Amino acid sequence: MVTKIRRPELGSITLSAIVSVYLLAITNNSFWTHAAIYFDHSRLSLLSFGAAMTLATFAGMMLVSAKYIMKPVLIFLIVASAAAAYFIDYFGVIIDKDMIGNAAVTTQAEASHLLTGSLVLHLFLYAVVPSLFVVWVKVRHQRVLPKTATTLAIVIPCVLVSGGLIYSDFASVAYVIREHKDLMKRFNPTGPVSAALKYASSTYKERNIAVQPLGTDARQGARVAAAGKPVVVVVVAGETARAMNFSLNGYGRETNPELKSLGAINYTDTTSCGTATAISLPCMFSVYPRNEYTEWKARSTENLVNVLTRAGVSVSWWDNNTGSKGIADLISFASMTNQKNSPLCNNGECLDEIFLGELDKKLTATKSNSVIVLHQLGSHGPSYYLRYPEKFRKFKPDCRTAELMKCSVEEITNAYDNSILYTDHVLASVSRLLEKHQNDISGAMIYMSDHGESLGENGIYLHGAPYAIAPREQTQVPFVTWFSKPYQAAMGVDTSCLAKETDQPKSHDNLFHTVLGMMDVETKVYNRELDAFANCTRQDPPGKSNGSAFQAADTAKDLPAPIVPATIMPGAKAL
């Protein structure tokens, strides 16, 4: 005879208390660790703050303890907290609105690198097991009116005491939260859940967004018209490359031997607009500087590729990453990861050399002034070892897994540096292809990475930290350019002059105006002060002392006002 296991029976108050303790003690390790650091000036303040957060959490659990909704909500909170805790605790990331956005637009191939055995085990132990416990137990519920009275009798005192504790030490708590905005974002489950709600809200508001034209006066200038052959600029949008691991910037290892041998111009002090692709990439191609940039402005205003197209430049976007983030919606777009039979591709991802064969063909056939954007896979983690072929495994032993916590700092750095060495090869190869075709085109290459990467410094890995607290590893990016001899002659670029300015601070703010300058596009939205090469570029065609140099207006005066939601302005193009 089989003995039936009796299910335990708990009151809703008891279950709420158990789940509250579980979430606070098990899924909030990072929160408590950082709270202890931030409240180091006063242990009493830390205890008071901790008690307030505990009471507030218990009050929140009680508010969802009604019959029929209690178990589903508690299970959701347990799973969400456990999943968030894995990435917060192991990688040191903060799950804010931007991070939710990154997750929403990631590809299957990119996401697969994070679906590791460690994650599966973590979710089983800290999400599945406690969720099964919640499912298993019987919950005693009172009738509606007594239940309401009991809930209010518990919630109101908890909220009052919690508020009183905060108020009694308000100066200290306010200081910590104001100076350390990451603290509450680390709190599970409210941090990740509120971030998801903010992302959903912003996505909903943007459903009827319209794009306002930019640079309607754009035209090609006299220099490019007198070039004698097509002017071609290859813009390489890098991925996850940090400046400090470029030997061109003084890194102790030789990670840029090929660019060095080509005499590439390297800018040593360049900052990114954001710390994740979803922010930095649109910002790089936007007319707005970082201090004015918002996602709404970027989505409601045309960008660099549109202004170039309007000036008559042929623009193509080739993507070996997760897409253009809306930048290339109105121009020619090609995904390089669709090449299933290439030896450079595996499981939906391709090495960046996938660009080179197609670029060679493109340059052979080019008959008009063109800009070709190459969006790299670059050094995207955590699987750095998949970003370079075997022959570029110069630095060993290299971390050969996506589970970075299983590798030493040295192994992680070795793998990352190998990926930078490979990026060096790809960029040099692009330059050599432009040189190969210099009898038929005047070519130049400009490279900027979208953001940097943390490799374990201060316990932080990957990228995506809120910009206000992001370490320099995530915000300092490489900026490299190379010009063919025909391009230098046709467009009046003085590379010896540029070499003297390489230590001047640069940023993503420069890309928009620098590329317009490289293609000699005349428009009121061009700001010469933000053109990184303007001081060393002749404004007149060869052989002329007085050209048709365009008197550009201050960019800020010519920017379109952001569009109000759900409003389609005359002449605008809806996405």
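The questions and replies below go through a predicted model and set its values against the definitions behind each term.

Me: How do you know which residues and atoms enter the values for this predicted model?
Reply: Residues are numbered from 1 along each chain as its sequence is written, and side-chain values use heavy atoms, with hydrogens and water left out. In this predicted model, local features need pLDDT of at least 70 and side-chain atom pairs count only at pLDDT 80 or more, whereas totals for chains, interfaces and linings use all residues.

Me: Why is Lys147 called buried or exposed?
Reply: Buried means under 20% relative accessible area, exposed over 50%, and partly exposed in between, with a 1.4 Å probe and protein chains only. Lys147 has a relative accessibility of 10%, so it counts as buried. Lys147 lies in helix 8 (residues 144-168), where helices are DSSP runs of H or I with at least four residues and strands are runs of E with at least two, both numbered from the N terminus. Leaving aside residues up to four places away in sequence, Lys147 touches Ser12, Met62, Ser65, Ala66 and Gln142, contact meaning heavy atoms within 4.5 Å.

Me: What makes Lys260 buried or exposed?
Reply: The relative accessible area of Lys260 is 55%, and therefore Lys260 is exposed. Lys260 is found in helix 13 (residues 257-262), and beyond residues up to four places away in sequence it touches Leu248 and Glu254. The C-alpha atoms of Lys260 and Leu248 are separated by 7.1 Å, with the two residues twelve apart along the chain.

Me: What makes the pair Arg140 and Glu9 a salt bridge?
Reply: A salt bridge is a side-chain nitrogen of Lys or Arg within 4 Å of a carboxyl oxygen of Asp or Glu. For Arg140 and Glu9 the closest N and O atoms are 3.7 Å apart, and the pair forms a salt bridge. This pair links distant parts of the chain, with Arg140 in strand 2 (residues 138-140) and Glu9 in strand 1 (residues 9-11), 131 residues apart. Arg140 has a relative accessible area of 46% and is therefore partly exposed, and Glu9, at 43% relative accessibility, likewise counts as partly exposed.

Me: How do you know whether Arg253 and Asp417 are buried or exposed?
Reply: Arg253 has a relative accessible area of 26%, so it is partly exposed, whereas Asp417, at 0% relative accessibility, counts as buried. The two form a salt bridge in which the closest N and O atoms are 2.7 Å apart. The pair links distant parts of the chain, with Arg253 in the loop between strand 5 and helix 13 and Asp417 in helix 18 (residues 409-436), 164 residues apart.

Me: Why do Arg186 and Asp182 count as buried or exposed?
Reply: Arg186 has a relative accessibility of 8% and so counts as buried, and Asp182, at 2%, also counts as buried. Their side chains meet in a salt bridge, with 2.9 Å from N to O. The structure holds 19 salt bridges.

Me: What makes strand 13 enclosed by the rest of the structure?
Reply: Eight of the eight residues of strand 13 (residues 442-449) are buried, so the strand is largely enclosed. Ser442, Ala444, Ile446 and Met448 point one way from strand 13, while Gly443, Met445, Tyr447 and Ser449 point the other way.

Me: How do you know which strands pair with strand 13?
Reply: Two strands pair if DSSP finds at least two bridges between them. Eight bridges join strand 5 to strand 13, and these run parallel; Val233 has Ala444 in strand 13 as its bridge partner. Five bridges join strand 13 to strand 16 (residues 479-483), which run antiparallel, and Tyr447 stands opposite Val480 in strand 16.

Me: What makes strand 6 and strand 9 edge strands?
Reply: The open sheet of seven strands has the order 6-16-13-5-12-8-9, with mixed pairing. Strand 6 (265-267) and strand 9 (332-335) each pair on one side only, and they are the edge strands. Within this sheet, strand 8 (residues 314-319) and strand 12 (residues 370-375) pair in the parallel sense over six bridges, and Trp317 stands opposite Val373 in strand 12.
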